[in-house]
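Visitor: I have a model open in my viewer and I'd like to learn how to read it feature by feature. Could you walk me through it?

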Amino acid sequence: MNFAFSDEQEELRSIVKSFLEKKSPEAAVREQMETESGFDPDVWSQMAEQLGLQSLIVPEEHGGQGFGYVELIVVLEEMGRALLCAPFFSTVVLATNTILQAGDDAAAKDLLPGIASGETIATVAFTEPAGKWDEAGIEMAATASGDAWTLSGTKMFVLDGHTANVIIVAARTDAGVSLFVVDGDAEGLTRTPLATMDQTRKQAKLEFDGVSARLLGTDGAGWDTLSTVLDLAAVGLAAEQVGGAQACLDMSVEYAKVRVQFGRPIGSFQAIKHKCADMLLEVESAKSAAYYAGWCASEMNDELPSVASLAKAYCSEAYFHAAAENIQIHGGIGFTWEHPAHLYFKRAKSSELLFGDPTYHRELLAQRIGI
């Protein structure tokens, strides 16, 4: 079994990295995070038309490239490194995976071509005001009227929920948790952007008042689909976290080389050496966890649930530690608004909590392996 990336995957990494260096420099990140939409539509179109990133894991019969999850984590790692402001995670990692896992051929035929072309921004709304990430947290009611469905209730912390054209909503029917497709401009839907600590990843509050919806997949099978999607999302987020942690490590090492104190580069002091060495160890270990989880996701094997939680827990802590140490190594300048260290720190903290914090995932891991 070979866990090295292929030449084609390394070439993909190189192309995406080069693109993001041009389109998502720090100045662009700061510009987009101040806007309500949170992304540049021109860059979003270029990602679809020139690189085909939105179509990466969409099957070829639906206008996609049909690649696997390993290619996706390569792309996500580079996006995490560049702090890309775009609805990529919500559209590709959450919504596309949900459509693929739901086993609804009609919905896939209807929705995936638009996602692949970059025309459709999509997301998944399942978290409610209680803030729980498990099945018990889904309380919104879906009411049937013949073949039609209506939704009433509130969804919170929906990634890119205020800009999405298509929203996949988890709600309860008599059969259990089910998934529904709602148009972004549906009547009775109120979308409110939320103030977030991490301004590079937008979230919204969605209020449903008798909103008409279409059933996705099988009535009552929503949680089976969603639990798999959340594992896939945890793997994707772990890859993003690895990219961000590597960026923090690179930033720290570079500063330690050029910052002179007492006539010597600060990197020559033992305390700084130890910090950088610890960061390197954690970042490399996080890569191993994320890459193995990516392979499990591409194979959709039995290890995926346990490895997804393991990777999410470890990569969350590695990224947050790297982001915090990056600020410490930079000293006074690291605390300023003008320096990018705080952008990575805020992304690290929000990513740590997204889809459940490390404690939640360690508990989940223990349950899944029968401890």
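Guide: Sure. Let's start with T200, which sits in the loop between β6 and β7. Keep in mind that this is a predicted model.

Visitor: Okay. Is T200 buried or exposed?

Guide: The idea is to look at relative accessible area, where under 20% means buried. T200 has 5%, so T200 is buried.

Visitor: Which side chains make polar contacts with the side chain of T200?

Guide: Here you look for N or O atoms within 3.5 Å of each other. The side chain of T200 has such a contact with the side chain of D198, at 2.5 Å. A polar contact with the side chain of R347 comes in at 3.1 Å.

Visitor: And which residues does T200 touch, leaving aside its neighbours within four places in sequence?

Guide: T200 is in contact with V29, M33, L84, C85 and R347.

Visitor: Let's turn to D198. Where is D198 placed, and is D198 buried or exposed?

Guide: D198 is also a residue of the loop between β6 (189-193) and β7 (203-216). Its relative accessibility is 4%, so D198 counts as buried. Not counting residues up to four places away in sequence, D198 touches K346, R347 and S350. R347 is thus a name to remember: R347 is touched by D198, and R347 is in contact with T200.

Visitor: V29 and M33 came up as contacts of T200. Which residues of helix α2 are buried?

Guide: For a helix, you list its buried residues and then ask what they pack against. In α2 (residues 26-33), the buried residues are V29, R30, Q32 and M33. These buried residues pack against α4 and α10 (341-353).

Visitor: How do I read a pair of packed helices? Take α1 and α4: what is the angle between them?

Guide: You need the angle between the axes and the distance separating them. Helix α1 packs with α4 (residues 69-82) at an angle of about 30 degrees, and the axes are 9 Å apart. Angles under 35 degrees count as roughly parallel, and α1 and α4 are therefore roughly parallel to each other. The crossing of α1 past α4 is right-handed.

Visitor: Which residues make that contact?

Guide: From α1 you have Q9, L12, R13, V16, K17 and L20. From α4 come V70, E71, V74, V75, E77, E78, M79, R81 and A82. Sorted by class, the contact of α1 with α4 has 8 nonpolar, 1 polar and 6 charged residues.

Visitor: What about α1 and α3: at what angle do their axes cross?

Guide: The axes of α1 (residues 7-23) and α3 (residues 41-51) cross at roughly 155 degrees and come within 12 Å. Over 145 degrees counts as roughly antiparallel, and α1 and α3 are therefore roughly antiparallel to each other. The crossing of α1 past α3 is right-handed.

Visitor: Which residues meet there?

Guide: I15, F19 and K23 of α1 meet V43, Q46, M47, Q50 and L51 of α3. The contact of α1 with α3 breaks down into 5 nonpolar, 2 polar and 1 charged residues.

Visitor: Now sequence separation against distance in space. How far apart are the C-alpha atoms of L249 and L280?

Guide: Compare the two separations for a pair of residues. L249 and L280 are 31 residues apart along the chain, and their C-alpha atoms are separated by 7.0 Å. L249 belongs to helix α7 (residues 222-258). At 5% relative accessibility, L249 is buried. Among the residues L249 touches are C276, M279 and V283.

Visitor: And how far apart in space are Q270 and L304?

Guide: That pair is 34 residues apart in sequence and 40 Å apart in space, C-alpha to C-alpha. Q270 is in helix α8 (residues 270-299), and its 56% relative accessibility makes Q270 count as exposed.

Visitor: Last one: backbone torsions. What is phi of F355?

Guide: Look for positive phi in residues other than glycine. Phi of F355 is near 65 degrees, and F355 lies in the loop between α10 and α11 (358-368). F355 counts as buried at 5% relative accessibility. For F157, phi is near 55 degrees; F157 is in strand β3 (residues 148-159). At 33% relative accessibility, F157 counts as partly exposed.

Key: Residues are numbered from 1 along each chain as its sequence is written. This is a predicted model: local features need pLDDT of at least 70, side-chain atom pairs count only at pLDDT 80 or more; totals for chains, interfaces and linings use all residues. Side-chain values use heavy atoms; hydrogens and water are left out. Axes are lines fitted to C-alpha atoms, for helices over the stretch in contact, and angles run from 0 to 180 degrees between N-to-C directions. Helices (H or I, at least four residues) and strands (E, at least two) are DSSP runs, numbered from the N terminus. Angles under 35 degrees count as roughly parallel, over 145 as roughly antiparallel, 65 to 115 as roughly perpendicular and the rest as oblique. A crossing is left-handed if the near helix is turned anticlockwise from the far one by less than a right angle, and right-handed if clockwise. Contact means heavy atoms within 4.5 Å. Ala, Val, Leu, Ile, Met, Phe, Trp, Tyr, Cys and Pro count as nonpolar, Asp, Glu, Lys and Arg as charged, and the others, Gly among them, as polar. Buried means under 20% relative accessible area, exposed over 50%, partly exposed in between (1.4 Å probe, protein chains only). A polar contact is a pair of N or O atoms within 3.5 Å; within protein, one must be able to donate a hydrogen and the other to accept it, and residues adjacent in sequence count only if both atoms are side-chain atoms.
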